[in-house]
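Q: Please look closely at a single part of the structure shown here and describe it step by step for a beginner.

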Amino acid sequence: MVSDTGIPRPARSAGRVNEPRSALVEPEFDGTPRIVNRQAVALVREEWHVVERWWTEEPVRRRYFEVVLESGQNTVVFRDEERGAWFTQRGA
Amino acid sequence: MIACLSIPGFELRASLRARPRLALEPAALAPLEGTEPLLGPVTAAAEAAGVKPGMRLGEALAMCPSLTLVEPDPETAEREWEAIVRRLEDSGFSVEPAGPGCAYFETRGVERLYGGLEQALKRALEAVGSSWDPRVGAAERRFAALAAATVARPGQLLVVSDEQSPTFLAPHPLTLLPLETGRRQELQDLGVRTIGGLAALPDASVAERLGADGRRAHGLARGGSKRRVRGRRQPAEIVEFLTFPEAVGNELTLRRAFGALLDQVLARPERGGRFIRKIALSARLVGGGSWRRTATLRDPTAEHARLKAALAPKLAELPAPVLELRLELVDLTESRGMQLELVRPEGAVIRSHLREGLKQVRASTGSGSVCSVVEVSPWSRIPESRALLVPRDE
């Protein structure tokens, strides 16, 4: 028989992998990023849209850009059209 | 004496704990998905409107259009019932649960402690709590105790001595007996409407006409056996659960989460190398309901693969997306001898080294620092929905 220690176990919550992080982005007039986290964008390699879960109360509407920064760093940023904010994300 | 605790409509009461306002309105426990559309227990307001437990859903809604259907919440019911049984055990009673809302307990050992039978039964009612409207019946035999508890008013205790038992049972309807509806109808067609009427029939005639079920009911109508109460074994209470960041309805995801939970629960030190006899899987569903399935293993085991084979297929029965998955070791058995393998399976040494390494990392960085990545929807277009980080604390 197991004796009750009386100590509640901490709640286990599963976390997410590749959670978006907010980013400082200055866009061009057409919405493409010009500066990402204080670094100028050298090249926009790709652009795509993700529209999902529009049938739920938490719809996802994102405009993704894969960009190369002046430093040569490759990064993915997106504009969350629902929240009106910019984020960087890995694994996209 | 044997006492019987009865809480009529326990599942409905448990489901209404979170919405007490509904208890005063016409409400009934909705039928389980995939079963016949028959109502479960109903509230007093619903009963006053003509709705009865066991009624067809369509008929009930036609009779009482304002009837609210309450989703069954078996997980809450199980938890609340366990809490009640524990409170009784804490008061010194040896309890044999017969199902949610009904339990037998022996009063002999505690009568002197509380100053008599009535005091002991009062103590039992107090332990359960008045909010559940418990009723207690006591008699020398189980069935008489059950009958007494069934006819008692909320909060009342009813004691029936062995001598009074036949006269007490005689006028009660046949619905108190565990008989199939068809059999009961057959008896009523023959003019037998009360327990006393059935008890008066000769043994052989009942056996011939109604078979084994009828003989059993006939035996109960004559008082039943004096079988003593056998207190239950304490549940093991080793629980692991996982809360999802969003509701998950995908079976593959749930199977993976279940696999991770199984790893965690098997690694809990409280298990102490014992084997699992009974294991329960429950889920909190989106929309407020819950779901629970148990598996009792004929051959107790601690093998991941066998436990997974026993419970994982039940995930397909989930009626709605899941917010939280919970795995509980209900009954454990003592360790038994196991045939050791001559050659260790491939990769076993590396796995044990890895486990040891992770143990050291956890020891230095604390609980929750080691996680495993569980791929849940690798096809998703939303990157953060593709995998979850599940804490591993074993």
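In β13(B), which residue is the bridge partner of Gly15(A)?

A: The bridge partner of Gly15(A) in β13(B) is Leu389(B). The model is a predicted one, in which local features need pLDDT of at least 70 and side-chain atom pairs count only at pLDDT 80 or more, while totals for chains, interfaces and linings use all residues. Residues are numbered from 1 along each chain as its sequence is written, and chains are lettered from A and ligands numbered from 1 in the order in which they are written.

Gly15(A) and Leu389(B) belong to a pairing across the two chains: strand β1 (residues 15-16) of chain A and β13(B) run antiparallel and are joined by two bridges. Two strands are said to pair if DSSP finds at least two bridges between them. Strands (E, at least two residues) and helices (H or I, at least four residues) are DSSP runs, numbered from the N terminus.

Val17(A) lies in the loop between β1 and β2 of chain A. This residue touches Val373(B), Glu384(B), Ala387(B), Leu388(B) and Leu389(B), when residues up to four places away in sequence are not counted. Here, two residues are in contact if their C-beta atoms, placed from the backbone, lie within 7 Å. Leu389(B), the bridge partner of Gly15(A), is thus one of the residues that Val17(A) touches. Val17(A) has 19 other C-beta atoms within 10 Å, so it is partly exposed. By definition, a residue is buried if 20 or more other C-beta atoms lie within 10 Å of its own, exposed if 12 or fewer, and partly exposed in between, with C-beta atoms placed from the backbone. Within chain A, the C-alpha atoms of Val17(A) and Arg90(A) are separated by 9.1 Å, although these residues are 73 residues apart along the chain.

The contact between the chains can now be described as a whole. In total, 21 residues of chain B are in contact with 20 residues of chain A. On the side of chain B that touches chain A, the elements that give two or more residues are β8 (238-248) and β13 (387-391) of chain B. Of these, β8(B) gives the most, with six residues. By class, this side of chain B has 14 nonpolar, three polar and four charged residues. In this scheme, Ala, Val, Leu, Ile, Met, Phe, Trp, Tyr, Cys and Pro count as nonpolar, Asp, Glu, Lys and Arg as charged, and the others, Gly among them, as polar.

The chain to which β1 of chain A belongs has zero helices and eight strands. Seven strands of chain A form an open sheet with antiparallel pairing, in the order β2-β8-β7-β6-β5-β4-β3. Its edge strands are β2 (21-22) and β3 (25-27) of chain A, each of which pairs on one side only. Within this sheet, strand β7 (residues 74-80) and strand β8 (residues 85-88) of chain A run antiparallel and are joined by four bridges. Here Arg79(A) has Trp86(A) in β8(A) as its bridge partner. Of the 92 residues in chain A, 17% are buried. Among contacts in chain A between residues at least 6 apart in sequence, 37% join residues at least 24 apart.
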